[in-house]
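Here are a few exercises on helix packing, backbone angles and ring pairs. Grab your viewer and try each task before you read its solution.

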Amino acid sequence: MTEEPLISLCMIVKDEEESIEGCLKSVSGIVDEIIVVDTGSSDNTVSIAKENGAKVYYKEWKNSFSEARNESLKHANGKWILCLDADEQLDKKAGQQLRELLKTTRYDVLTFPMLNYYGASVSSDQCVSLGKIKCFRNKLSLKYVTDIHEQLDLSEVDAEQEGEVDIPIHHYGYLDQYVKGKKKTERNLQLVKQQLEKEDNGWMRYYLAAEYYQQKKYIEALKELDTALFQYLKKGLKPPAYIYRLKYTILVERKQWKFVREGIEKVLMLYPDYVDLWFYKGMALYNEKEYDEAIYCFEECIRLGESNLSYYTVKGVGSFNSWFYKGLCYKKLNQQDQAIISFIHSWLLSPNNKILVNEIRKIVKYFHGWMELLESNLSKVESEKVKQFFQQ
């Protein structure tokens, strides 16, 4: 008797020849079957999928990601369903643990840490992390809802059956080459407006704001974010943290420090453990020359770290960027010993940061006691690593 497959990978694709092979190779030896629903590819996506062992099904695209994704679930035979997009890859090293984990876990629905890379090329220093449900038991017969930014309908799932796994999924779809090449923003904007005609709510208003933000239409984005906040508050609901995060991201990028200061304190009362918000507060204080108060904020960022999967978290805000800004604050306060220690801590976490390296080199040129300072504040291994690099 043939053993029932453990994991079915379910995907929906269209013109993904540049990325689909990397995705499928990342799960090689981990999943038992690959289900690919193609919605109208005109390139080599289908042939690449078949070459990598996928069962390919076809479905006409009807402007609904949920409809297409639900079609893929119909063909899955495994005990568990793993959902990936073509521009995502399961962490190969950690991914090997997935099979054993699924055999023993008591949970029905699993959240994975998503590492979303952005910019011109892949850099571990340029990514945004967030927990996302990517795997669930097939027996639950779960379905996706909404035409865009589809989510699993978990209304019938007990919250105690939802768990987290420490197996990263790497997402490359926000890299410049993919965003520009596929014109995702224009497509997404149309689909979000289509969804809003069906149901106008704060969640979808947020996504409309996010699309405006991608187009640098900041006024329009802020207007939609305020609408989203109002819709939640009108219902007596606590607005999701990601709405506030995008609002203050825009205000920070526009250097509107006064508005950041005026509102972010109240938001931190709602989300005191959100590291990005503490970082934005610190940025505002630094730019308003309130350096001691800013240092407190950056220390809070370092304490909180970046491991909370409940929030969108930019890499660095709970580590090297906060150490860097602490250093800048101490430099402004003429506390050179604290400045260099802060810069060194930042460098140890982000050694390829050229701006940071230049800051450290400027200080060590005239700060003659810097090596002794390292020995009293760092481990022997860290101290030697720093000396070797900056004595070159």
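Helices (H or I, at least four residues) and strands (E, at least two) are DSSP runs, numbered from the N terminus. This is a predicted model, where local features need pLDDT of at least 70, side-chain atom pairs count only at pLDDT 80 or more, and totals for chains, interfaces and linings use all residues. Residues are numbered from 1 along each chain as its sequence is written, and side-chain values use heavy atoms, with hydrogens and water left out.

**Exercise 1. Find where K216 and T146 sit, and work out whether each is buried or exposed.**

Step 1: place them. K216 belongs to the loop between α8 and α9 (218-234), and T146 to the loop between β8 (144-145) and β9 (151-152).

Step 2: check phi. Most residues other than glycine have a negative phi. K216 isn't a glycine, yet its phi is positive, about 65 degrees. T146 isn't one either, and has a positive phi of about 75 degrees.

Step 3: apply the cut-offs: buried means under 20% relative accessible area, exposed over 50%, partly exposed in between (1.4 Å probe, protein chains only). K216 has 60%, so it is exposed. T146 has 18%, so it counts as buried.

**Exercise 2. Describe how α7 packs on α8.**

Step 1: get the geometry. Axes are lines fitted to C-alpha atoms, for helices over the stretch in contact, and angles run from 0 to 180 degrees between N-to-C directions. Helix α7 (residues 184-198) and helix α8 (residues 202-214) have axes 10 Å apart, at an angle of about 155 degrees.

Step 2: name the arrangement. Angles under 35 degrees count as roughly parallel, over 145 as roughly antiparallel, 65 to 115 as roughly perpendicular and the rest as oblique. So α7 is roughly antiparallel to α8.

Step 3: list the contact (heavy atoms within 4.5 Å). From α7 come T185, N188, L189, V192, K193, Q195 and L196, and from α8 come M204, R205, Y207, L208, E211, Y212 and Q214.

Step 4: sort by class. Ala, Val, Leu, Ile, Met, Phe, Trp, Tyr, Cys and Pro count as nonpolar, Asp, Glu, Lys and Arg as charged, and the others, Gly among them, as polar. The contact of α7 with α8 has seven nonpolar, four polar and three charged residues.

**Exercise 3. Do the same for α12 and α14.**

Step 1: helix α12 (residues 275-287) packs on helix α14 (residues 320-332) at about 20 degrees, with the axes 11 Å apart. That makes α12 roughly parallel to α14.

Step 2: F279, M283 and Y286 of α12 touch N321, S322, Y325, L328, C329 and K332 of α14. Sorted by class, that contact has six nonpolar residues, two polar and one charged.

**Exercise 4. Which rings pair up across the chain?**

Step 1: set the rule. Rings of Phe, Tyr and Trp (its six-membered ring) pair if their centres lie within 6.5 Å; planes under 30 degrees apart count as stacked, over 60 as edge-to-face and the rest as tilted. The structure has 21 aromatic pairs.

Step 2: try Y242 and Y312, which are edge-to-face, 6.1 Å centre to centre with 90 degrees between the planes. Y242 is in helix α10 (residues 241-253) and Y312 in the loop between α13 (291-304) and β12 (313-314), 70 residues apart. At 22% relative accessible area, Y312 is partly exposed.

Step 3: now F279 and Y325, also an edge-to-face pair, at 5.8 Å and 85 degrees. F279 lies in α12 and Y325 in α14, so the pair ties together parts 46 residues apart in sequence. F279 is buried at 7%, and Y325 is buried at 18%.
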